[in-house]
Amino acid sequence: MIWRIKVSNPPVTIITPTTGKISLSKTLSSCGDQNVAYEHILLWDDVRDTKDDPYLVAKSNQDEISGNGVDCTITSIVIQGKMVKGKAAGSALRAIGLMAAKTPFVTFADDDVWFEKDHLASLLRVMDGKRWSYGKRKIWTKEGECLGVDDFESVGDSESRKVPYEMVDNNSMLFARKFGASAACLYRETEGYDDDRLMYGFLKKYAGVPGKTNHATVHQICPDRLEGMFRKGCTRV
């Protein structure tokens, strides 16, 4: 089922796969605070973690955004049944969003992240003729403790990287839509929690040199199992 609210012509699509976590409201609010027009695709995994009607969630957010004068289109898509079930259902949801997007650029906002007000603007600003860009993120615990800036993992090929792989988190990058459509199969077929690494490798190979903001404009809640890694590796602020 698909519900569409308001028509606009924004430069960016934000893709949010969600099961209806409580933290989704903070994600939506931070998107509404952006100073760049955007389209938001909410991909609901069978609405299993919420009792709220996806249409009402989208409409409520639309009304709030409109009140702030931001030009935005919101689309709620509920994926029912077993269409995206599997080891990496969230990745499969992202694949649907990548194929549905029609704006020049695409990014992600998982339902456990929130953005600084200039997040989209900063990513677009450093694009400067390039075809993708990325910034940094601050990591938080579920209890609200800021562990610092991730200067060691989600940093691409930076010399500050302290992990044996290169990656940029999905929520920290922005790229031309055509690369998202071409890479959607990577998201759909993966069975691991590695779609951001796959996308980073794809963009590095085919999209050229990225623009880098070098600023942390994404805030992300880390899973409990990764708290130790981030607590040890993040740069305290």
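This report describes selected helix packing, strand pairing and residue environments in a predicted model.

**Packing of helices α3 and α5**

Two packed helices are described by the angle between their axes and the distance between the axes. Helix α3 spans residues 89-100 and helix α5 spans residues 177-189; their axes come within 8 Å and cross at roughly 160°. The crossing angle therefore makes α3 roughly antiparallel to α5, since angles over 145 degrees count as roughly antiparallel. The crossing of the two helices is left-handed. On the side of α3, the contact is made by S91, A92, R94, A95, L98 and M99. Helix α5 contributes G180, A181, A184, Y187 and R188. By class, the residues of this contact divide into seven nonpolar, two polar and two charged.

**Strand β2 and its partner β3**

Strand β2, residues 12-18, is mostly covered, with seven of its seven residues buried. In a regular strand the side chains alternate between the two faces of the sheet. In β2, V12, I14, T16 and T18 point one way, whereas T13, I15 and P17 point the other way. Residues of both sets are buried.

Strand β2 pairs with strand β3, residues 38-45, in the parallel sense over seven bridges. Within this pairing, I14 stands opposite H40 in β3. H40 has a relative accessible area of 1% and is therefore buried, as the cut-off for a buried residue is under 20%. Beyond residues up to four places away in sequence, H40 touches I14 and T16, together with L28, C31, T73, I74 and T75. I14 and T16, among these contacts of H40, belong to the set of β2 residues that point one way together with V12 and T18.

**Antiparallel pairings of strand β9**

Strand β9, residues 173-176, runs antiparallel to strand β5, residues 105-108, and three bridges join the two. In that pairing T107 stands opposite L174 in β9. Strand β9 also pairs with β7 in the antiparallel sense, over three bridges. There, W132 stands opposite F175 in β9.

**Residues with positive phi**

Most residues other than glycine have a negative phi, and most peptide bonds are trans. D128 and N214 depart from this sign, as the table shows.

| Residue | Phi | Location | Relative accessible area |
|---|---|---|---|
| D128 | near 45° | loop between α4 (119-125) and β7 (132-140) | 65% |
| N214 | near 60° | strand β10 (residues 211-221) | 54% |

D128 counts as exposed at 65% relative accessibility, and N214 is exposed as well, with a relative accessible area of 54%. Their settings are a loop for D128 and a strand for N214.

**The environment of F230**

F230 is found in helix α7, residues 227-233. With a relative accessible area of 3%, F230 is buried. Leaving aside neighbours within four places in sequence, F230 is in contact with R137, I139, L147, D150, F152, E153 and C222. R137 and I139, among these contacts of F230, fall within β7, residues 132-140. F230 and V149 are 81 residues apart in sequence, yet their C-alpha atoms are 9.0 Å apart in space.

Conventions:
Residues numbered from 1 in each chain as written. Predicted model: local features only at pLDDT ≥ 70, side-chain atom pairs only at ≥ 80, totals over all residues. Heavy atoms only, no water. Axes fitted to C-alpha atoms, helices over the stretch in contact; angles between N-to-C directions. Helix = DSSP H or I, 4+ residues; strand = E, 2+ residues; numbered from the N terminus. Parallel < 35°, antiparallel > 145°, perpendicular 65-115°, else oblique. Left-handed = near helix turned anticlockwise from the far one by under 90°. Contact = heavy atoms within 4.5 Å. Nonpolar A, V, L, I, M, F, W, Y, C, P; charged D, E, K, R; others polar. Buried < 20%, exposed > 50% of the residue type's maximum accessible area, 1.4 Å probe, protein only. Pairing = 2+ DSSP bridges.
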